[in-house]
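Welcome, and thanks for taking a look at this one with us. Please have the sequence and the model side by side as you read.

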Amino acid sequence: MTLLSFEDARRLVEEHATKLSPPAKESCELLAAAGRVLAEDVFADRDLPPFPRSTRDGYAVRSDDLAKLPATLDVIGEIKAGERSEKIPKTIDPGKTVSIMTGAPVPSGANSVVMVEYSTHHDNRVEITRSTTPGENIVPRGVEAKQGSRLLERGIRLNQAAIAVAASVGKSRLQVYVGPRVAVLSTGDEIVDVETAPGPTQIRNSNSYSLAVQVSRAGGEPLLLPIAPDEPHRLKELIEEGLESDLLLMTGGVSMGRYDLVEQVLAELHAEFFFTGAKIQPGKPVVFGRCENPHLWQHRPEVGHPASAGERPASGKTYFFGLPGNPVSTMVTFELFARPVIEALSGQLARKLAFLHAKLKSDIRVKPGLRRFLPAILSGEFDETEVELVAWQGSGDMAATARANCYVVIPPDRERIAAGEWAAVMMQ
Ligand code: AMP
Ligand code: MG
């Protein structure tokens, strides 16, 4: 058994993830692209802003005209946002001003905008009671971006700000990556499907569902395989089927029990194992590896999944994770290890796992030696963010995780973290 520290295991996964080549692309309508991964760079089609923009309602002035206060200026016109170019004065001469609105272009000659609050308008004249510095309340043309400069980088996940940027440069469609197909295989003689009434010693399959949600949220397309029994022949068939996808996630059957057959079957398929355990809790028996599937090349590309053979990982092998079957272990090990691989397979830029910090509400005591990820609730208001563990019965207790919204992360060298200390937090 190759048991790695959490950090070594995570870095190893990240290293493999960087070698994965980008998947296929498709064109997508702007709003439908929200949450997808951008497959092209997006550039400014003109300077941003395209004209010197007033950020206030007020008067466009020459700042020298306000050297002595109060100053009285001739109002030669009004410029509203979207004003037609021919209605904008060519220049503002000394002693003159125009009334100007937020978002309107500042005419040449004027070098600042004084807010309407500091003015009194009578007839065609305005009295101004406050001086300005050159540039005040004006965003000069092109300071946000020059025409042709890159605004969005290929590989980002498109959030509302990125969609807004795309809209602002006229992209009504975007190139996005097609999510990788991720096979999900639950194993265990006791596991029955959600539709089946479980016998007294049977358990309904919940892991395939938590994993499907996590896969989608990471940018992949889950493919739920039938439940595999703890019997090597059928298990092997289903693992082979799973290896035809871009990634295979298995749950259960990776512990030390006599019927934990996943590793054995993978070894028969000549899999490479990178680790077969990580010093974490929950989730210690997690397995990461790679395996060739004899049918792989014949089966691709498939209808409805435009990834072509040339876009497979260079090795022609499929990565897999054997995740421990306890429902909380499955969810935690997915977040820690499977997510970066799915992100890479969906074309996303690599990102390190960083924890937030919040003040602990009550003491935590644990046995040292493992890095722990314990279900917790982040709460509080404004600057007072607090975190507290939820009561739980161990890594089988998915209901506790459903009550939680994060995990408190405890380093392996700590036995106690006291109330009031800052604790590391990983969001769920
Ligand atoms: P295993 O890792 O196979 O030893 O399973 C550990 C525990 O997780 C056992 O109590 C299993 O019944 C439970 N378990 C395994 N797979 C699933 C699943 N797909 N859904 C819900 N519970 C599961
Ligand atoms: Mg099992």
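## Helix α2 and its neighbours

In this predicted model, helix α2 covers residues 160-168, and its buried residues are A162, I163 and A166. Why do the buried residues of α2 line one face of the helix? Viewed down the axis of α2, they fall within an arc of 100°, so they share one face. The background is familiar: an α-helix has 3.6 residues a turn, so residues three or four places apart point the same way.

What does that face meet? The buried residues of α2 pack against two strands, β12 (150-152) and β13 (173-177).

## Two cis prolines

It is worth stopping at two peptide bonds. L48 and P49 are joined by a cis peptide bond, with omega about -10°. P49 sits in the loop between β3 (42-43) and β4 (53-54).

Further along, a cis peptide bond also links L69 to P70, and omega is again about -10°. Here the proline, P70, belongs to the loop between β5 (58-61) and β6 (71-79).

## Positive phi outside glycine

Next, have a look at H270, a residue other than glycine with a positive phi, near 65°. Where is H270 found? Its place is the loop that runs between α5 (262-268) and β19 (272-275). Is H270 buried or exposed? Exposed is the word, because its relative accessibility is 68% and the cut-off for that class is over 50%.

F382 is not a glycine either, yet its phi is positive, at about 50°. F382 lies in the loop between β26 (371-381) and β27 (384-389). With a relative accessibility of 74%, F382 counts as exposed.

## The chain as a whole

Now step back to the whole fold. The chain holds 8 helices and 30 strands. Its C-alpha atoms fill a box of roughly 95 × 55 × 40 Å along the principal axes. The radius of gyration is 30 Å, whereas a compact globule of 428 residues would come out near 22 Å.

Of the contacts between residues at least 6 apart in sequence, 74% join residues at least 24 apart. Buried residues account for 46% of the 428 residues in the chain.

## Surface and charge

About 20800 Å² of the chain is exposed, and carbon and sulfur atoms supply 51% of that area. As for charge, the chain has 48 positive and 55 negative charges, and the mean positions of the two sets are 4 Å apart.

How values were computed:
Residues numbered from 1 in each chain as written. Chains lettered and ligands numbered in written order. Predicted model: local features only at pLDDT ≥ 70, side-chain atom pairs only at ≥ 80, totals over all residues. Heavy atoms only, no water. Helix = DSSP H or I, 4+ residues; strand = E, 2+ residues; numbered from the N terminus. Rg over C-alpha atoms; globule rule 2.2 N^0.38 Å. Buried < 20%, exposed > 50% of the residue type's maximum accessible area, 1.4 Å probe, protein only. Contact = heavy atoms within 4.5 Å. Areas by Shrake-Rupley, 256 points an atom, 1.4 Å probe, with all protein chains shown as cover. Lys, Arg positive; Asp, Glu negative; His and termini not counted. Charge placed at Lys NZ, Arg CZ, Asp CG, Glu CD. Arc of directions from axis to C-beta.
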